[in-house]
Every structure is written in structure tokens, then in C-alpha cells.
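Morning, everyone. I have a few minutes on pockets and what lines them. Please have a look at the model first.

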Amino acid sequence: MYQKKKVLVIDDDEDINKYLETKFKLNNYDIRCTDNTESFLKELVTFKPNLILVDLNLNGKNGFGYKIIETVRKKMGPELIIIIMSRRNNHEDIIKGLEDGANDYITKPLDEVILFSKIKLFLGQEINPEEELAFYSVPKGDNDFEFHVPLKVKRISETGMTLFSSALMAKETLIILEGALANIISPQGAVKFVVKDVTIDKRQNGFLIEIEFDPDEHSAVIRNVRKLLLKVAPMTEEDLHKL
Amino acid sequence: MATSKSKSILIVDDDPDLRVFFRKLLENMGHEVFEATNTTDAANLVEKVVPHLILLDINLDEEKGFVLLEKLKQLDPYQRIKVIMVSASTAKKDIANSKAYGVHGYLVKPVTNNQLVTLMKKLQAQLNFPNYIIPEGQENLHVKAKCFGQMSKVNELSFKFVSKIKFNLPHKLECSSSFFVKHNIKHAQFTIFFPSVSITPGLYETRVQFIGLSDKDMVAIRKVKTKKA
């Protein structure tokens, strides 16, 4: 049975509330708007919204919305989607809002396309490709991109390592290992590797990435691995059973 | 050029001719060789280079070689480093002491080429330190992989990039690009909501949502009107 998604708003601006009520009804949501904390908190419990829109500067009190975000996040847990609305374009405001527990931030005056794109995204609703904002090419000079993938170390030996990753890394991917282990095995705290092999780890819902040490390129690393291995106790019967 | 068969060997002997003899032979076999004339220097080298094997003379100038074995109890509590005692004597007492310490062999001087080569062949397989396999639930050695890609498309809400990584689960992405710096959106959070899409085998396009952009930031992105992708 199809259930409408429920949205609750807290904003002291009457016009905003009217606007949102109209737009959300048109888009087939179950919408309720409040303009004070008391009724908002009541509705939170009785109406049980999937998503809330919170004005950051309620009653003209700068940043009052933060308290609401913090309280609600603590009370309702991670599943409720919290989106902040504000006239301010301040990066600090945005970062603080996200840190206090909001999922995202929208600037006023509200852009309908952007508002509903975000709502649909966070509520896991299907977005019509025709309704999507047009993509532009990123200029070649600026398109460099670096990102980090967290890994778990499963095995270390003098010949290489096995790492667990929830994301798939194709063979021959170039990676630079950083973090606690990299600090131990390399004086630079970073070691360059090429992925040698990848296998699926169905049980842990991810992949086992194999990397190999090159005796020339990684001679210092291999020595540091031996230093590490010196201090590791041999596996017990119990450990072997766990494998 | 080192290979994975090359081992690290420490020679502890006060006889310079013997040290040269061992070094030449072992280096010819492709191994890395270190030398010490006393147990203090030897212990320091063990800490510094962690050799696979120690060739230890029982009768050093000022002391007995066994002193190093005592020090090794602390440096190498699980006996990963193999030790071969080298001695001029076949004295039963020395052999008995060596056995008590649990060394892996005994060479009697004068040592021939053949004897050393045969010994190395015999030991080769045992010299690698055992694998360290981290039991499930105890993975506390954290690492992250810095990976590289190229941003391909962008709009006010998200961007796409191409790389050799295929993401399957939604999560926050730690990432950077000149594009973010140039358009002053470094403060944004980046979240992957959808699994990556395969372009060709081994190459994937991933969509990342901008979280926490102000409308001023979006105006900056809109200005990137090179061509519609």
C-alpha cells in the first residue's frame, strides 16, 4: 500500500509555511507546518515525519535552529532526515549545522527544483531524469580528483598484504596507502602500490584486495614489516579456528 | 637487484677473514649482509635491520656468543630470527648449550663453500617470517587508500567522476579537487548515494552529492558553462 512521505516544517515566517504547504501538497506529500517549538515537538511525536525542514533563525534568534537540530537528532536517531533552511550563505553556519546533526542545508529564498531534488534524494524516492538539473562538463584543467577509501588490514607478510574493502578496486589500480599502518611501515607515512589481485568476499559483503611488495621499491617497507611481525604472537588454535 | 628470495643475514664473528668469506658467498647468492664483532653491536643491528638469519660465533673476543642469545630473548620473543652457531670446536658443552637455546644449526670451522651453500638451501624455506593474519573483529590497524580519478560532469547538486573504483554502498566520501578550491566549495561534504556505474570493465563512473552548499556556491558552479555534458 502506497504511503505518502511525511514532512514537518518549523518556520516562523508565515509566507514560507504557506508556500511549502502548497508545494508539498501538489507533490503528493503529507505536510504539516508549525511556527513555534512547542507545537513542533508535539507534532514530531504524533505526526512522525520522515523529514523535517528547520529554519535556522527562528524568532529572529540567530542560530536557535541549531538547538532544535541537536535535540531532535539525539531524540529521534539517525533515520529522520533533517534539512536546514536559512537566508545566510555563511560556510561556518552550514558546517555547524551539519556537525550538529543536519543532513543538508538549503538557502532561502527556496528554489523549488533544488528543494525537491534534495527531498527526493534523501527520502530515497525516484527522480525523473527529465526533472534533473543539467550537467556541465568539468574543464580539463580542474578535473583532477583524489579520494580516500577506508580499508581493513586482514593479512601482512614479508611478501605483501591483503586488505578488505567494501568498494571494488580494479586490478592495476594505483593507490597510496596512508594511515596508522602506513606510518608504521614507511618513514614517509605513505606507500605507493598497484593492486595485484581482487577477489569477492561474499560473507563480509566486500572485496579482498591483494598488494605485493616489490623487493627493490619497498625494501624499507619490508624491513619495517619484519619489525612489526617480530612482536606479533603466533596464532593460537582459537585464532586458527576463527579463520 | 633484490628479489623475494633475498634474505637479510647478520654475521657475528671477531675473525675478519671469516666475515669476508661469508659475506662474499652470501652476497653472491643474492642476500643482504650485515656484520658485527661483538654482541652489543649485533643486538643494535638486530633491532635496526631485523635479519632473517644470524651466523653467530660462539667464541667472540671479549665474550661468548651465547650472550647475544640472551639478548634475543627480549628482542625476538617468538624466535622469528633463525640462529646458526659457528664454532672452532666440537666441544660437547658448546653443542649442548646451543641446543638448550634452541638454535637452528651448528657449523664447525673451517666452514667450506659447500657447507654454507647447502645450509642456506636447507634453511631458505624457513627463513620468511610467518604471515600475520588479523582475526575478524580485531582489525585495528587502520589504513586508507588514496585513489585517483577525474571529475567528468557537475551540476548544482552533484558531480560525477571516473575512476577504477566501484562503490556499492552509500557513504560519505573524503575527497579533494582543484575544482572545489577554485569555486570555493571545499567546505562541502560529499556523499555517495548510488552504486557506481560501469563504463568499461575496470572503469567506473560514480555520482557524488554535494551536501551543505549555499546558493552562492551553486551560482559559482552554474558559471561553469563550458558545454552541456
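How much space lies in the second largest pocket? About 340 Å³. Keep in mind that this is a predicted model.

Who lines that pocket? It has 17 lining residues. Closest to the centre are A102(A), N103(A), F122(A), T191(B) and F193(B). Two elements each supply at least two residues of the lining: α5 of chain A, residues 112-122, and β12 of chain B, residues 189-192. The biggest giver is β12(B), with three residues. By class, the lining of the second largest pocket splits into 10 nonpolar, four polar and three charged residues.

Let's stay with β12(B) for a moment. What does this strand pair with? One partner is β10 of chain B, residues 171-172. That pairing is antiparallel, over two bridges. Here K172(B) stands opposite T191(B). You have met T191(B) already, among the residues closest to the centre of the second largest pocket.

Another partner is β14 of chain B, residues 203-211. Four bridges join β14(B) to β12(B), and these two strands also run antiparallel. In this pairing F190(B) stands opposite F210(B).

Now the largest pocket. Its volume is about 410 Å³. The lining counts 21 residues, and those closest to the centre are P215(A), I222(A), A2(B), T3(B) and S6(B). Which helix gives the most to this lining? That is α7 of chain A, residues 219-230, with five residues. The class make-up of the largest pocket is five nonpolar, 10 polar and six charged residues. Set that beside the second largest pocket, with its 10 nonpolar, four polar and three charged.

Next, closed space. Rolling a probe the size of a water molecule over the atoms shows where empty space is left. How many cavities of 30 Å³ or more does the structure hold? One. The volume of the largest cavity is about 30 Å³. Lining it are S166(A) and A167(A) from chain A, with F167(B), N168(B), L169(B) and H171(B) from chain B. Three of the lining residues are nonpolar, three are polar and none is charged. Note H171(B): this cavity residue falls within the range of β10(B), residues 171-172.

Last, the layout of chain B. Domain 1 covers 8-127, and domain 2 covers 149-222. How far apart are their centres? Taken over C-alpha atoms, 57 Å separate them.

That's my tour. Over to you.

Methods:
Residues numbered from 1 in each chain as written. Chains lettered and ligands numbered in written order. Predicted model: local features only at pLDDT ≥ 70, side-chain atom pairs only at ≥ 80, totals over all residues. Heavy atoms only, no water. 1 Å grid on protein atoms, 1.4 Å probe; cavity = no way out; pocket = protein on both sides within 12 Å on 5 of 7 lines; lining within 4 Å. Points joined across faces, edges and corners; volume = space filled by probe spheres on them. Nonpolar A, V, L, I, M, F, W, Y, C, P; charged D, E, K, R; others polar. Domains from an automatic or database assignment. Pairing = 2+ DSSP bridges.
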